[in-house]
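Colleague: Got a minute to go through this model with me? I want to start with the contacts and then move to the fold.

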Amino acid sequence: MNGQTWRRVYGADHDDPDPGPRPGHDYRELVGGPLDGLLLDVTGWPGPRLAEGAALATEIGSHGPGGHARYGPRTAGALLWDWQGDTP
């Protein structure tokens, strides 16, 4: 991996031989909750959308299949997005 830390991007296929970040993309690191440590590709998201955060589909949250994990910016413009809870 050429000295870089391996990181997985949310939504990357489990069979993808290179599920890591891509050059030229913008990412936020998900902190806590079921998706802890994954990167979320936010390339092209406008400022207001970034400020809202995201409800991300996951089968490993407290609501199981069909559930979502809610993440939002730690502070305005933050690269770290904290888990805010699970939703159905």
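Colleague: Which residue forms a salt bridge with Asp82?

Modeller: Arg74 does. The closest N and O atoms are 2.8 Å apart. Keep in mind that this is a predicted model.

Colleague: Are those two buried or exposed?

Modeller: Neither label fits. Asp82 is partly exposed, with a relative accessible area of 22%. Arg74 counts as partly exposed too, at 45%.

Colleague: How many salt bridges does the count come to?

Modeller: The count comes to 4. Two of the others share Arg22: one goes to Asp16, and another goes to Asp18.

Colleague: What are the N and O distances there?

Modeller: For Arg22 and Asp16, the closest N and O atoms are 3.4 Å apart. For Arg22 and Asp18, the value is also 3.4 Å. Asp16, Asp18 and Arg22 are linked in a network.

Colleague: And what is the accessibility of each residue in that network?

Modeller: Arg22 is at 37% and counts as partly exposed. Asp16 is partly exposed at 24%. Asp18 is partly exposed as well, with 44%.

Colleague: Changing topic. How many aromatic pairs does a search of the whole structure find?

Modeller: It finds 1. Trwo rings make it up: Trp45 and Trp81. The pair is tilted, with 6.0 Å centre to centre and 55 degrees between the planes.

Colleague: Why does that pair tie together parts that are apart in sequence?

Modeller: Trp45 lies in the loop between β2 (39–41) and α1 (47–52), while Trp81 is in strand β5, so the pair links parts 36 residues apart in sequence.

Colleague: Which of those is buried, and which is partly exposed?

Modeller: Trp81 is buried, with a relative accessible area of 0%. Trp45 is partly exposed at 22%.

Colleague: What sits over the ring of Trp45?

Modeller: The charged end of Arg49. It is 4.1 Å from the ring centre.

Colleague: On to the sheet. What is the strand order?

Modeller: The order is β2-β1-β5-β4-β3. That is an open sheet of 5 strands with mixed pairing.

Colleague: Which strands stand at the edges?

Modeller: β2 and β3 (54–58) do. Each has a single partner strand, so one side of each is left without a neighbour in the sheet. The twist averages 40 degrees from one strand to the next.

Colleague: Where is the pairing parallel or antiparallel?

Modeller: β1 (residues 27–31) and β5 (residues 80–87) pair in the parallel sense, over 3 bridges. β1 and β2 pair in the antiparallel sense, also over 3 bridges. β4 (residues 67–73) and β5 are antiparallel over 6 bridges.

Colleague: Which residues stand opposite each other in those pairs?

Modeller: Val31 stands opposite Asp82 in β5. That is the Asp82 of the salt bridge with Arg74. Pro73 stands opposite Trp81 in β5, and Trp81 is also in the aromatic pair with Trp45. On the β2 side, Glu29 stands opposite Leu39.

Colleague: Last one. How many residues lie between β4 and β5 in the hairpin?

Modeller: There are 6. Gly77 is in that turn, with a positive phi of about 75 degrees.

Terms used:
Residues are numbered from 1 along each chain as its sequence is written. This is a predicted model: local features need pLDDT of at least 70, side-chain atom pairs count only at pLDDT 80 or more; totals for chains, interfaces and linings use all residues. Side-chain values use heavy atoms; hydrogens and water are left out. Two strands pair if DSSP finds at least two bridges between them. Helices (H or I, at least four residues) and strands (E, at least two) are DSSP runs, numbered from the N terminus. Rings of Phe, Tyr and Trp (its six-membered ring) pair if their centres lie within 6.5 Å; planes under 30 degrees apart count as stacked, over 60 as edge-to-face and the rest as tilted. Buried means under 20% relative accessible area, exposed over 50%, partly exposed in between (1.4 Å probe, protein chains only). A charge sits over a ring if NZ of Lys or CZ of Arg is within 6 Å of the ring centre and within 35 degrees of the ring normal. Axes are lines fitted to C-alpha atoms, for helices over the stretch in contact, and angles run from 0 to 180 degrees between N-to-C directions. A salt bridge is a side-chain nitrogen of Lys or Arg within 4 Å of a carboxyl oxygen of Asp or Glu.
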